[in-house]
Amino acid sequence: MTISLDFLPQTVFAYFLIFARCGALTMSLPGIGDAVVPARIRLVLALALSLVLYPLVSKALPDVPGTLSAMIGAVLREVIVGLAIGFAVRLIVSGLQFAATVIAFQTGLAFAQSVDPALGVQNTLFGTFLSMLAVTLIFATDLHHLMLRAVHDSYILFQPGGAFLPGDFAQVSLRTIADAFRVALQISAPFVVFGLVFYLGVGVLTRLIPQVQVFFLAMPANILLGFLLFALLLGTIVTWYMRYFSDAMSPYLAG
C-alpha cells in the first residue's frame with residue numbers, strides 16, 4: 001500500500017504564508033514587538049500563533065503557485081499586510097506618547113529624558129512612564145486580545161491572494177493618525193491651560209517685581225505643580241486612553 005504525500009507542499013506553503021503575516025505582526029505590534037522583547041521570544045510567538053491559526057484560515061489560503069516568482073510575491077504580500085496592520089496599531093499607542101511630550105514641555109521636564117524600553121530610544125520621563133503604563137494596562141485588562149483577534153480577522157479583511165487596496169488602507173491609517181492626535185491634545189489640554197496660566201502669572205510677576213529672580217522661583221514651582229496635576233489626572237488619562245484604544249481597534253476587526 002502506498003501513501004500519497006501530495007498534501008505536504010500545500011500544507012508547508014500555507015503554514016509559511018501564515019507565518020509570514022504573523023511574523024511581521026509580532027515584530028511590529030505594540031507590546032509584543034517592542035525592542036525590549038527578545039527576537040527569539042517574538043519568533044516563537046509567531047510560530048505558535050501560526051500553528052493556532054492554521055486550522056482556522058487554511059481554507060482561505062491560495063494553492064501553491066506554479067512559479068517561484070509568484071510564490072515569493074505571495075509571501076512578500078503577506079509580510080506587507082502584516083507590517084501595515086502592526087504599524088497602524090502602533091500609531092494608536094503613539095497618541096499617548098505625543099500627549100506625554102506635550103505634558104513634559106508644559107511642566108518644564110522636556111530635557112529630562114531616559115531610555116524608553118518600548119522603542120529603545122531616548123524619550124521624556126512622562127513619555128517613558130505613560131508608554132510602559134499603557135502597555136501594562138493593555139495586557140492587564142485583556143485588551144491585547146483585540147490585537148490577537150485583529151491578527152485572525154486580517155485574513156477576512158485582507159484575504160491572501162486577493163487584491164490589496166492601498167488607498168483604503170491609507171484612509172484608515174490617516175483616520176487613525178488624526179484620532180491619535182485628537183486624543184493626545186485632549187489628554188494634554190489641562191497641562192496646556194496650566195502652562196499658559198502659570199507662565200502668564202510669571203510674566204506679570206516679573207513686570208511687578210523686576211528685582212526678583214523669578215526664573216529660579218518659577219521652575220521648581222512649575223515642576224511641583226505639574227507633578228501634582230499629573231497625579232490628580234493620571235486615573236482619568238489612563239481610563240480615557242483605554243476606552244480610546246478599544247474603539248480605535250474596531251477598523252481592524254471584522255465584526
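**Reading the cores, helices and charge pairs of a predicted model**

Visitor: Which residues have the most contacts inside the largest nonpolar core?

Guide: The general idea is that in soluble globular proteins, nonpolar side chains tend to be buried together. Here the largest nonpolar core has 52 residues, and those with the most contacts inside it are L53, Y241, F245 and M249. A nonpolar core is a set of buried Ala, Val, Leu, Ile, Met, Phe, Trp, Tyr and Cys residues joined through side-chain atoms within 4.5 Å. Buried means under 20% relative accessible area, exposed over 50%, and partly exposed in between (1.4 Å probe, protein chains only).

Visitor: Which helices each supply at least two residues of this core?

Guide: They are α1, α2 (39–57), α3 (68–106), α4 (125–140), α5 (144–157), α6 (166–208) and α7. The largest share, 12 residues, comes from α3. A second, separate core of five residues includes F198, V202, V214 and A218. Helices (H or I, at least four residues) and strands (E, at least two) are DSSP runs, numbered from the N terminus.

Visitor: Before we go on, what kind of model is this?

Guide: This is a predicted model, in which local features need pLDDT of at least 70 and side-chain atom pairs count only at pLDDT 80 or more, while totals for chains, interfaces and linings use all residues. Residues are numbered from 1 along each chain as its sequence is written, and side-chain values use heavy atoms, with hydrogens and water left out.

Visitor: What pLDDT does the chain average?

Guide: pLDDT is the predictor's confidence in each residue, from 0 to 100. The chain averages 80, and 92% of the residues score at least 70. Among the elements of the chain, α2 has the highest mean pLDDT (86), whereas strand β1 (residues 113–116) has the lowest (70). Take care with residues 1–5: the pLDDT there is below 50, and this stretch has zero contacts in the model beyond near neighbours in sequence.

Visitor: Back to L53. Which residues is L53 in contact with, leaving aside its neighbours within four places in sequence?

Guide: Contact means heavy atoms within 4.5 Å. By that rule, L53 is in contact with I18, C22, S58, V151, H152 and Y155. Next to L53 in your picture, find V52 in helix α2. V52 counts as exposed because its relative accessible area is 52%. V52 and H152 are 100 residues apart in sequence, yet 10.0 Å apart in space, C-alpha to C-alpha.

Visitor: And S28, is that residue buried or exposed?

Guide: S28 lies in helix α1 (residues 7–28) and counts as buried because its relative accessibility is 1%. Not counting residues up to four places away in sequence, S28 touches G33, G82, L83, G86, F87 and R90.

Visitor: Now helix geometry. What does α7 span between its end C-alpha atoms?

Guide: The expected span of a helix is 1.5 Å times one less than its number of residues. Helix α7 (residues 214–248) spans only 44 Å, where a straight helix of 35 residues would span 51 Å. There is also a kink of about 50° in α7, centred on L233. The bend at a residue is the angle between axes fitted to the seven residues ending there and the seven starting there. Buried residues of α7 include V214, A218, Y241 and F245.

Visitor: Where is the kink in α5 centred?

Guide: That kink, of about 35°, is centred on V151. The 14 residues of α5 should span 20 Å, and the end C-alpha atoms are 19 Å apart, which agrees. V151 is one of the buried residues of α5, and so are H144, L146 and Y155.

Visitor: How many salt bridges does the structure hold?

Guide: Side chains of opposite charge can pair when their charged atoms come close. A salt bridge is a side-chain nitrogen of Lys or Arg within 4 Å of a carboxyl oxygen of Asp or Glu. The structure holds four of them. One joins E78 to R21, with the closest N and O atoms 2.8 Å apart. This pair links distant parts of the chain, E78 in helix α3 and R21 in helix α1, 57 residues apart. Both E78 and R21 are buried.

Visitor: What other partner forms a salt bridge with E78?

Guide: R77 does, at 3.4 Å between the closest N and O atoms. R77 counts as buried because its relative accessibility is 15%.

Visitor: Where do R182 and D179 lie?

Guide: Both lie in helix α6, three residues apart, about one turn of the helix. Their salt bridge has its closest N and O atoms 3.8 Å apart. R182 counts as partly exposed at 39% relative accessibility, and D179 is partly exposed too, at 28%. Elsewhere, salt bridges that share partners join R21, R77 and E78 into one network.
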